[in-house]
Amino acid sequence: MSQVYTHYDNLKVARNAPPEVIRAAYKTLSQKFHPDRNPGNVDAARIMALINTSYEVLSDPDKRQEHDQWVALQERMAARETNVSSQPEPSPRPTQTAVIGAVSHVFRNWVLYGFAGLMVWAWATDKPSTPPPGPKPYQATPVFEQPKYVRPSAAPNDQPWPDSAGYIPIFPRTHANGLSTVTVDNSQNDSDVFVKLVSLDGPNAFPVRVFFIPAFGQFTLNKVTAGSYDIRYRNLNNGGLSRSEAFDLEETPTHEGTQFSNITMTLYKVQNGNMQTYGLSEAEF
């Protein structure tokens with residue numbers, strides 16, 4: 001039976017690996033294949049994309065369960081195909097005696113068979129002919145154009161968009177008892193962006209900071225609690241939605257105090273910046 005290649009194989013872990021082993025494997029492989037450590041290496045970028053996708057699935061309990069069910073189904077199908085292919089093909093062949101007997105039977109009853117054939121011919125020729133196709137290909141359901149994106153005239157708090165980078169007041173500011181900082185750099189873009197810092201800890205992802213950055217600007221989030229996050233943002237010029245790869249903010253006690261994360265993420269208009277991005281649906285923003 002051929003082996004089913006899975007996300008576990010991409011991260012080089014066993015299928016029953018606990019979450020901490022999966023996270024450790026992801027960190028090890030990310031350090032090895034990250035584009036910043038392999039500039040210009042197309043293979044490393046491709047492998048990094050596979051690693052990110054596999055970790056996204058295996059770090060989410062629901063997605064991991066769906067993946068395990070898919071793997072089990074593929075293996076059952078492969079096992080059935082193997083069992084069928086291993087069985088000899090039946091090849092029944094009529095004997096010469098049976099063929100001669102059938103021909104003799106037709107000759108003895110040629111009148112009966114001839115009358116039956118005439119009736120079939122009369123029934124077939126009496127059926128109406130197929131009408132010719134219409135002049136153009138037909139589509140039963142009309143296709144409607146997607147509405148063109150129009151930039152909202154106001155922020156979600158019904159106030160004009162800010163003139164400078166900052167939080168949107170209507171949204172609560174949580175996860176603010178840590179030491180880490182996250183700087184989101186929009187200096188490479190000529191579009192304003194509406195941004196969310198999203199917590200990935202727990203069963204559901206949810207935004208903990210919501211803010212605005214003008215074109216060619218940047219904004220720093222201070223006192224962010226340690227944990228796992230991603231950045232999600234809307235390009236306000238064209239409405240496009242994007243999501244960053246997941247990242248961890250860590251706080252480690254040392255003899256000299258506490259070592260904490262200080263991360264800068266640059267939003268690039270072109271792909272292959274210092275932050276891998278993915279498309280995002282409206283339901284996930």
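In this predicted model, Phe211 has a relative accessibility of 0% and therefore counts as buried. Phe219 is likewise classed as buried, because its relative accessibility of 13% falls below the limit, which is set at 20%. A pair of aromatic rings is described by the distance of the centres and the angle of the planes. Nine aromatic pairs are present in the structure. For Phe211 and Phe219, the ring centres lie 5.4 Å apart and the planes meet at 40°, so this pair is tilted; an angle under 30 degrees would have made it stacked, and one over 60 edge-to-face.

Aromatic residues also gather in a cluster, whose members are Trp161, Phe171, Phe194, Phe212 and Phe285. One of these, Phe285, has a charged neighbour: the charged end of Lys196 sits over the Phe285 ring, at 4.2 Å from the ring centre.

Strand 2 spans residues 180–185 and is mostly covered, with six of its six residues buried. In a regular strand the side chains alternate between the two faces of the sheet. Here both faces of strand 2 are covered. Ser180, Val182 and Val184 are buried on one side, and Thr181, Thr183 and Asp185 are buried on the other.

Strand 2 pairs with strand 5 (residues 218–224) in the antiparallel sense, through five bridges. Its pairing with strand 11 is parallel and also runs over five bridges. Val182 takes part in the description of both pairings: Leu221 of strand 5 stands opposite Val182, and so does Ile263 of strand 11.

The largest pocket encloses about 860 Å³ of space. Its lining comprises 32 residues, and those nearest the pocket centre are Glu56, Ser59, Asp60, Leu200 and Ala205. Both helices and strands contribute to this lining, with at least two residues each from helix 2 (19–33), helix 3 (42–58), helix 4 (61–86), strand 3 (193–199), strand 4 (206–213) and strand 6 (227–235). By residue class, the lining of the largest pocket consists of 15 nonpolar, five polar and twelve charged residues.

The second largest pocket holds about 660 Å³ of space. A total of 21 residues line this pocket, and Ser30, His34, Ala246, Phe247 and Asp248 are nearest its centre. Two or more lining residues come from each of helix 2, helix 3, strand 8 (247–249) and strand 11 (262–266). Helix 2 provides the largest share of the lining of the second largest pocket, with four residues. The lining of the second largest pocket divides into eight nonpolar, seven polar and six charged residues. Helix 2 and helix 3 thus appear among the elements that supply the linings of both the largest pocket and the second largest pocket.

Leu50 belongs to helix 3. With a relative accessibility of 38%, Leu50 counts as partly exposed, because this class lies between the limits of 20% for buried and 50% for exposed. Leu50 and His7 are separated by 43 residues in sequence, while their C-alpha atoms are 8.5 Å apart in space.

Conventions. Residues numbered from 1 in each chain as written. Predicted model: local features only at pLDDT ≥ 70, side-chain atom pairs only at ≥ 80, totals over all residues. Heavy atoms only, no water. Phe/Tyr/Trp six-rings, centres within 6.5 Å; stacked < 30°, edge-to-face > 60°. Buried < 20%, exposed > 50% of the residue type's maximum accessible area, 1.4 Å probe, protein only. Lys NZ or Arg CZ within 6 Å of the ring centre and 35° of its normal. 1 Å grid on protein atoms, 1.4 Å probe; cavity = no way out; pocket = protein on both sides within 12 Å on 5 of 7 lines; lining within 4 Å. Points joined across faces, edges and corners; volume = space filled by probe spheres on them. Nonpolar A, V, L, I, M, F, W, Y, C, P; charged D, E, K, R; others polar. Pairing = 2+ DSSP bridges.
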